[in-house]
Amino acid sequence: MSLSTARSFLSEAGYGEQELDANSALMELDKGLRSGKLGEQCEAVVLFPKLFQKYPFPILINSAFLKLADIFRLGNNFLRLCVLKVTQQSEKHLEKILNVDEFVKRIFSVIHSNDPVARAITLRMLGSMASIIPERKNAHHSIRQSLDSHDNVEVEAAIFAAASFSAQSKDFAAGICNKIGEMIQGLDTPVELKLKLIPILQHMHHNAGLASSSRQLLQQLVTSYPSTQMVVVTLHTFTQLATSSLIDIPKQIQLLLQYLKEDPRKAVKRLSVHDLKLLARKAPHLWTKENTQAMCECALSIPYNNLKLGMLSVLSTLSGTIAIKQYFSPGAGSAPAPSRTTDLVRLAQECCYHSNLAVAAHGVTVLSNIAISCLEKDLLQLEQDTVLGVEALLVLCSQDDGSRAQAILKTALASLVKLLKSRPHLSPSAVELLLCQLRSARDGARVLLCHALAAIAMQQPVLGEAMLGDLVDLYRVAGSSSGSGKQQELLVSLATVVFVASQTSLSAEVKMVIKQQLEKVANGWTVYRVARQASRTGCHEFSGELYQSLRTRVASEHFYFWLNALKEFARAEQCLSGLEDGDYSGAMSAIAEALRAYQKGIASLTAASTPLSPLTFQCEFVKLRIDTLQALSQLICTCNSLKTSPPPAIATTIALTSGNELQRCGRVSTQMKLSMDEFRSLAGCYADLYQSSFDADPATLRNVELQQQSCLLISHVIEALILDPHTASFQEYSVLGSVQAESRYEQRMMSVFSRVLEEVETLSRKHPPVSYLHTGCLCDAVIASLKVPLSFQRYFFQKLQSTSIKLALSPSPRSPNEPIPVQNNQQLALKVEGVVQHGSAPGLFRKIQSVCLNVSSTLQSKSGQEYKIPSENKTNEIEQRVEPHNDYFSTQFLLNFSILGSHTVTVEASVVDCSGIEWKTGPRTTMVIKSLEDPYSQQLRHQQQSQQAVPQAGPQRSVYARFQ
């Protein structure tokens, strides 16, 4: 019964279920550990990794590992093996063990057992703990002794432990290196054991001397033991040692190339190619022109397709790095050779039409990378060869539904899109080619072709209109085959290309075709994905119709409210799509209608949120959109007020008297200043939303940034046209046009920004403020920004990366509202521990480099005497940066509470990514501290009060006696 309860504790709590605390779960597992049945004990042991994952803080982990150590000490070998597996699975939690000495003591006691299997499990346990006990001499001694054991199981465990300790401890590595060398070279050591001992040498990289001696030993082994297995293991250990020590990588490249050329054995050649690819990824800048040339010569002369494929894989990796420029750069004193005559180009051209499709794909990749990287004038032939190679692969792979063919096609299309981005003049013929293949290809290949067409249309929107007719014709026949998974994917991919290709709103014919096919074969999830793509590309009228049809097809009221909110947002943006230049009253009506729809949508969106899915980003983004629309509506009203409430007749006199030229304009100047401040405040709110979206994809962040720039642009236009036309500068906004746009929405927004800035700059030079021309220009800028359909990017619908931080503070109160007492003459040592929790794809867009902890305290209420308190004594403000290790961090703060009373302490966490950008991710935790007077000061104060009271009583008695 206890274990079933523990399993329910450790399973994910559903919505509305109560989650019990860590101590209860640990107690239930402890009952299982103390059970008399072996099965229940084993089941309890294997549940510990889930406990660590759910409650990853040191106090619990320390207690749990001590209990596991007891089981390891007292149990049988099977229980020890279970504890070993738990320890290996929970390796990143080992450093949270507080009583390391006691834990190691209980584990190490088994090393003296007479059972060699028990000793072997203990050695593996010690090896798994090497990260927290790297310098334990008794563990080092036991490993050395066990290497000389006559039991094979114990020796293999000692080898595992020796490798683990060598990776962690410099002293152990230096001490064991000679013994490992003696055992490898000893005649009494079996070959199988030598093959297991050699990989230990890859960890001998702690200093240059140790790495050099290990390399010499490996060099002797390669020449002394020429058997295939020994050469393969030794060469791979060579490579691993070189990648760790870094200084020997050029020598290792030459050694591997030598074996690739001269050794006739296929296994050695395969190993050489594998390790060369590893070095190409690790250090492409260390590949010289001669190394690349040697690889090309080997690939040209090798008759085996598998080896040729591996060599081309190495060359394709190098061709995308700095190594390709080093290869084509002329040597000292030599004349530059034309790129098309080199062996690398010749090899790639030959391989483009190879019978092995994987070889052909790598050939196309190499050719495209050469064409992109090298800027010579005579690259026309290379470009044509690349396009022809892609065409040949498309024809062959588009008729094959196999996963291998699909992977090859994906590689070829990625190379083509990359080439077209740097060589735009090739795009029309490439689009024609893709559309031609799209008609005859299988569904799986069609999906990939659609992705490529969408990427090309994003880069060059001009090509979108040309392909639209063909795409609609294809969509008509997309639902003719059976409703397979590939067909559902094809419906989404084709619809996406249609949305991207439509420069304006979708025509009625296009909508009808897509709807007919969706109703015919699409399931609900496919329809939702199509609607989501329509929202991302700005086709809001169509997406609203799809959301409307889906609302009653979901099984949860939260999903219903979510779809209803999306439908209202689409309707709101649709209201803004019909704006016309110069129609200011129509713009006011459209904004009012959009705001009504947005208010309905935000109510549904709030109802769709749950504790497990709070929809924080979505709510904040929509609220800011509502505030922006309200601010734009108010700005148009302010511009109209110049007509409805013109400046009074004495406005000129008031301006001369006050010295403020803006008083000539009347009340519109004050309203404009308020409007400018509001837009700057909105820009700050968008910046805060950007900073809080650590997990958002780059396109979503760019979208938020565009909204911020739009608000800043409007505020700048108000300042440049009306408030301060003489000092307003356009230089800081001129960089907006230099950023390369990645999406159609961004392209349209950037063109609006550029056009508005040009008009404002021209107008501000010709006419003094404020006239109807200025207010008209402002209203035109508002309408121009609203006419661009808003894009709801991926993060609004889908979170691909999930990162959260959980904090634990100590001392902690026994109950949430109970204050922690502290004497005012002492400082509080506040310990802050934290765990970084990730979703299924950690570090997909950005990784955490450090965590910034800000601790502040404020005085809420004071007790004691009323006197003036210096401001620096009322608050504490401390900030520290800590780097998480294995997703755990810990630090301490010393806080001073010299003022008696209640203080509120706030701990806020933010993260810093690898680029040094700080993200306000939270969380924010508060605790109450009650500062009390220390007993000694309290006693002194009472003594002083009693001494002051005694002399006051004496004179009263003497005066009374005089008048008797």
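This is a short conversation about some helices and strands of a predicted model.

User: What should I know before reading the values?
Analyst: The model is predicted, so local features need pLDDT of at least 70 and side-chain atom pairs pLDDT 80 or more, while totals for chains, interfaces and linings use all residues. Residues are numbered from 1 along each chain as its sequence is written, and side-chain values use heavy atoms, without hydrogens and water.

User: How far apart are the end C-alpha atoms of helix α14?
Analyst: They are 26 Å apart, which agrees with the 26 Å expected for the 18 residues 228–245 at 1.5 Å a residue. The expected span is 1.5 Å times one less than the number of residues. Helices are DSSP runs of H or I with at least four residues, and strands are runs of E with at least two, numbered from the N terminus.

User: Which residues of α14 are buried?
Analyst: Among them are M230, V231, L235 and F238. Buried means under 20% relative accessible area, with a 1.4 Å probe and protein chains only.

User: What covers them?
Analyst: The cover includes α12, α13, α15 and α16, with contact meaning heavy atoms within 4.5 Å.

User: And just after α14?
Analyst: There, L246 takes a positive phi of about 70°.

User: Changing topic, which strands pair with β9?
Analyst: Strand β2 (residues 820–823) runs parallel to β9 (residues 924–932), joined by four bridges; pairing requires at least two DSSP bridges. Strand β7 (residues 901–913) pairs with β9 in the antiparallel sense over eight bridges.

User: Which residue in β9 is the bridge partner of T906?
Analyst: The partner is T926. In addition, V822 stands opposite S931 in β9.

Methods:
Buried means under 20% relative accessible area, exposed over 50%, partly exposed in between (1.4 Å probe, protein chains only).
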